[in-house]
Amino acid sequence: MQAEDRIIHFSAELIHPPVQHKKDVLQRLYFDLSQTRTANYDSTDFSNPMQPRFYSRRGKKTQSVALFLPDRAVLLEEWADISLSDFLERVREVATKTLSARGIPRYLAHTATIRSTFALTHFEDARVFLLDHACAQRERIAPFFMRPVSTGGLRFVLPETNEDPGMLYVTIESFRHSQNEVFVEVKGIFGRQQVDAENISVILDNIRLVRAFITNRVGPYLDQYDETQEPLL
């Protein structure tokens with residue numbers, strides 16, 4: 001496979017006790033974030049009173065969103081054009097300032113999701129690579145499903161342990177936007193440790209953990225199959 005994957009999505013959910021939305025509070029929060037380098041958004045949308053959001057759009061697909069629900073703040077980077085370090089700084093600013101602005105003592109849990117793609121070296125079709133080669137499903141799917149397969153792949157759930165924090169949900173599929181790329185999503189759910197304003201670094205460390213799992217675990221797992229050989233039967 002290619003040496004590095006391509007990150008296309010970052011997101012984090014910061015889950016807290018339910019609070020009532022107050023437009024003036026969120027407007028002040030928007031202003032405070034606009035004074036930062038990494039967490040300034042271009043616009044606000046209060047049309048849905050239960051889901052106000054801050055957002056920026058760049059180009060046709062790339063967008064940054066901070067969505068506020070009664071029990072959580074959700075940060076999204078779709079078709080991401082920022083680095084992991086910039087996303088971490090954005091999370092730090094939004095997480096810290098949201099606690100202060102909304103009078104929330106701490107986050108009860110948080111999640112981190114990263115999606116990326118790996119370009120294959122020895123296969124032109126990621127469906128063939130995953131289903132026929134890695135999973136040995138050649139000629140074993142079509143006779144039963146009797147329909148074309150547009151995407152297919154693997155899903156794993158890795159429970160939290162004393163040594164490995166967070167439950168990880170791992171999805172590996174053929175990428176529908178590019179024939180020779182493998183799509184990977186890893187979502188980590190972290191609920192053991194509540195996080196106050198003094199310990200936002202815990203959230204950042206867990207986002208790094210998700211990123212490291214893709215780089216150090218999923219990448220080598222896929223690379224073992226990306227070889228010049230006949231598909232497995």
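The legends below describe close-up views of a predicted model.

Local features are reported where pLDDT is at least 70 and side-chain atom pairs only at pLDDT 80 or more, while totals for chains, interfaces and linings use all residues. Residues are numbered from 1 along each chain as its sequence is written, and side-chain values use heavy atoms, with hydrogens and water left out.

**View 1. The whole protein chain, with its 5 helices and 9 strands.** Helices (H or I, at least four residues) and strands (E, at least two) are DSSP runs numbered from the N terminus, and along the sequence they follow the pattern β-α-β-β-β-β-α-β-α-α-β-β-β-α. The C-alpha trace spans about 60 × 45 × 35 Å along its principal axes. Of the 233 residues, 44% are buried, where buried means under 20% relative accessible area, exposed over 50% and partly exposed in between, computed with a 1.4 Å probe on protein chains only. Among contacts (heavy atoms within 4.5 Å) between residues at least 6 apart in sequence, 65% join residues at least 24 apart.

**View 2. Aromatic rings of Tyr30 and Phe54, paired edge-to-face.** Rings of Phe, Tyr and Trp (its six-membered ring) pair if their centres lie within 6.5 Å, and planes under 30 degrees apart count as stacked, over 60 as edge-to-face and the rest as tilted. A search of the whole structure finds 9 such aromatic pairs. In the pair shown, the centres of Tyr30 and Phe54 are 5.1 Å apart, with 65 degrees between the planes. This pair links distant parts of the chain, since Tyr30 belongs to helix α1 (residues 23-34) and Phe54 to strand β3 (residues 53-58), 24 residues apart. Both Tyr30 and Phe54 are buried, and ring pairs join them with Tyr41 and Phe68 into a cluster.

**View 3. The ring pair of Phe123 and Phe129.** The two rings are arranged edge-to-face, with 5.2 Å from centre to centre and 65 degrees between the planes. Phe123 is buried, as is Phe129.

**View 4. Charged side chains over the rings of Tyr55 and Trp79.** A charge sits over a ring if NZ of Lys or CZ of Arg is within 6 Å of the ring centre and within 35 degrees of the ring normal. The charged end of Arg53 takes this position over Tyr55, 4.6 Å from the ring centre, and that of Lys61 takes it over Trp79, 3.8 Å from the ring centre. Trp79 is found in the loop between β5 (72-78) and α2, and it is partly exposed, at 24% relative accessibility. The backbone of Trp79 has a positive phi of about 50 degrees, although Trp79 is not a glycine.

**View 5. Packing of α1 against helix α2 (residues 84-102).** The two helices pack at an angle of about 145 degrees with their axes 10 Å apart; axes are lines fitted to C-alpha atoms, for helices over the stretch in contact, and angles run from 0 to 180 degrees between N-to-C directions. The crossing of α1 and α2 is right-handed, a crossing being left-handed if the near helix is turned anticlockwise from the far one by less than a right angle, and right-handed if clockwise. From α1, the residues Val25, Leu26, Leu29, Asp32 and Leu33 meet Glu93, Val94, Lys97, Thr98, Ala101 and Arg102 of α2. By class, this contact has 6 nonpolar, 1 polar and 4 charged residues, with Ala, Val, Leu, Ile, Met, Phe, Trp, Tyr, Cys and Pro counted as nonpolar, Asp, Glu, Lys and Arg as charged, and the others, Gly among them, as polar.

**View 6. The surroundings of Thr98 in helix α2.** Thr98 is buried, because its relative accessible area is 0%. Not counting residues up to four places away in sequence, Thr98 touches Leu29, Phe68, Gly103, Ile104 and Tyr107.

**View 7. Cys135 and Ala136 in the loop between α3 and α4.** The loop that holds Cys135 runs between α3 (126-134) and α4 (142-145). Cys135 counts as partly exposed, because its relative accessibility is 22%, whereas Ala136 is buried, with a relative accessible area of 16%. Leaving aside neighbours within four places in sequence, Cys135 is in contact with Leu130 and Leu154. The C-alpha atoms of Cys135 and Tyr225 are 9.9 Å apart in space, although 90 residues separate them in sequence. Phi of Ala136 is near 55 degrees, a positive value in a residue other than glycine.
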